[in-house]
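Dear colleague,

Please find below the structure that I am handing over to you, together with its sequence. My notes on it follow directly afterwards.

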Amino acid sequence: MDFELRRAREKLEREQKERKEKARVKLERERKAKQEALRQREAIEACQRSRRLDAAEAELKANQQMQENLLSGRGIMFCRTLEAVPYHGSGDKVKLPPSCFTELSDQGAFDKGPIYFQLSALNQEGPSDMNAQNRGSTHSGVLEFTANEGTVEIPPHVWRNLFNEAHPSAPFVEVRYVWLPKGTYAKLQPYGVGFSDIPNHKAVLETILRQHATLSQGDVITVNFGGVTCKLRVLELRPASSVSVLETDIEVDIVSSSDSAPETNERNLRPITFGKSESAIVEEGQYTYYKFSIEEESFSKDTKVEVRIEAENDDGDTDLYISKHPLLFPTRHQHEWSSHDVGSKSLILNPGEQCLREGTYSIGIYGFKGTTKYKVSVHLEDYNHSQKVGQQAVSSSTSMMEVDSVECRNCKHYIPSRTIALHEAYCRRHNVMCKHDGCGVVLRVGEAENHVHCEKCGQAFQKLEMEKHMKVFHEPLHCPCGVSLEKEQMLQHQSLLCPLRLITCQFCGDMVQAGSSAMDARDRLRGLTEHESICGSRTAPCDSCGRSVMLKDMDIHQIAVHQRN
């Protein structure tokens, strides 16, 4: 009986213990569930609170951006995302579709002065705050509203400053209307060497900036002049980081050039000192350039310049070309003086030549054959009138003849009659006269075989020089404008007819490319080039009456209206 009661009591205690354990586990599970629910509720509330804060911050930023756009655009709201399309042009003015003109016109943008835009390159993902700082950005003006809808046509200058790649995968651009202050100061830094070699480089830079409407800090400006391509980075602008350069006087500082660009012989003018030799090596088909300057105080009417090249090896040959600035890099078909002698050579610039005067000159040494090691030197001396360089020797046939002289039937020289028999006997054995028309040179019998004439021009040369003569003077040269001519005709073409030749504009005073013939027949009759026809179309107030007159008509206006000669 006691055993059964004990078992019943133990069973009851065990069941109670199990119920207590289950109750405890249930309570623990409910407590954890409540904590998890509370944690989830707090997370949801935190997320909702963060979203509300983000939305409020985004709304605040949008309002601020709208206020900034209104402020920067002076009340004009214009922003488009367009596909960038390159077009060949100069300056920084883009072409927009006609719908942009309508939108800007409706807001009265054209009544507020020149139109400027901020251009920002967009990634494939579109505009976002994460990549906004890394995308390219610059400013531009507008050329015309003739682009296709959904596109913006961009000139090379703007394209290079917007995109790091020449052909980006997604060339989309955000075009935003902005107002820019007029610039008062700009600091530029050239890349590498070459910019300082351009004659009157500040005037050239001024001509380039005439094609621009804006400047932005960090932009790169490309200057092309006489075969030289220089790049300048905009380091600083005032009064803002982006300014307008239209109808304003801007002070420009050019700091020392950056050495990041590689230095090449073809586009680098090495300075050379008078009387000092410079040694170098030139490869076949390549150029090496030097420069020297004749100062006004050291130049006189009796000054001559001699350029010497001493070849140090026999398996190569060079040609020598010299030009006066603004032609910076003389070549085979564009130069003022040249020498094509085989081996060592000397080229003398006589004081009687019109091109020889004070200024800066360039020397171009062209590798004609093989690899040539040479020494080049320049000498500035007074002209010796007693020994004029290049003066032809007076022939004995034209000298004062003796009364009893007789003409030799072989060499055609006049010989005293008392010795004519001995002279003719000796002359027939040792001398022979060239039979070529117009030559008549008396040669030794052993030298006659090497004396030949060019079939095209008739000039006399040694046989070893004929191959070089044919290549230099009679092999067609190709002008960058597309014309192919022999050397003599090419020199005339480059100096008188080539649209790419450099001239001094009579209206702006800058060295510019002449261009083709003027479009206006009246300008062609005046002898104006294409550039002068366009440049002369600018107006200026007359000094006498104040009337605005085109520069190319100013002389006619002075004669017709004010009777001034």
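Is strand β3 (residues 116–122) largely enclosed by the rest of the structure or largely open, and how many of its residues are buried? Please bear in mind throughout that this is a predicted model. Six of the seven residues of β3 are buried, so the strand is largely enclosed by the rest of the structure. A residue is called buried here when its relative accessible area is under 20%.

Strand β3 has pairing partners that may help you to locate it. With strand β6 (residues 172–178), β3 runs antiparallel, and seven bridges join the two. Within this pair, Ser120 stands opposite Glu174 of β6. Strand β4 (residues 137–144) also pairs with β3 in the antiparallel sense, over four bridges. Here the bridge partner of Phe117 is Ser140 in β4. As a general point, side chains in a regular strand alternate between the two faces of the sheet.

I turn next to another sheet. This one is open and consists of five strands in the order β13-β15-β20-β17-β18, with mixed pairing. Its edge strands are β13 (269–271) and β18 (337–339), each of which pairs on one side only. From one strand to the next, the twist averages 25 degrees.

At one end of that order, strand β17 (residues 317–324) is paired with β18 in the antiparallel sense through three bridges. Leu320 has Ser339 of β18 as its bridge partner. A helix is also associated with this sheet: α6 (residues 463–473) lies across β17 and β20 (359–369). The helix runs at about 40 degrees to β17.

Finally, I should like to draw your attention to a single residue, Arg238, which is found in strand β10 (residues 228–238). How exposed is Arg238? Its relative accessible area is 42%, so Arg238 counts as partly exposed, a class that lies between the cut-offs of 20% and 50%.

Which residues does Arg238 touch, apart from its neighbours within four places in sequence? Arg238 is in contact with Gly183, Thr184, Tyr185 and Val243. Of these, Gly183 is 55 residues away from Arg238 along the chain, yet the C-alpha atoms of the two are separated by 5.9 Å. In addition, the side chains of Arg238 and Glu236 are joined by a polar contact of 3.2 Å.

With kind regards

How values were computed. Residues are numbered from 1 along each chain as its sequence is written. This is a predicted model: local features need pLDDT of at least 70, side-chain atom pairs count only at pLDDT 80 or more; totals for chains, interfaces and linings use all residues. Side-chain values use heavy atoms; hydrogens and water are left out. Buried means under 20% relative accessible area, exposed over 50%, partly exposed in between (1.4 Å probe, protein chains only). Two strands pair if DSSP finds at least two bridges between them. Axes are lines fitted to C-alpha atoms, for helices over the stretch in contact, and angles run from 0 to 180 degrees between N-to-C directions. Contact means heavy atoms within 4.5 Å. A polar contact is a pair of N or O atoms within 3.5 Å; within protein, one must be able to donate a hydrogen and the other to accept it, and residues adjacent in sequence count only if both atoms are side-chain atoms.
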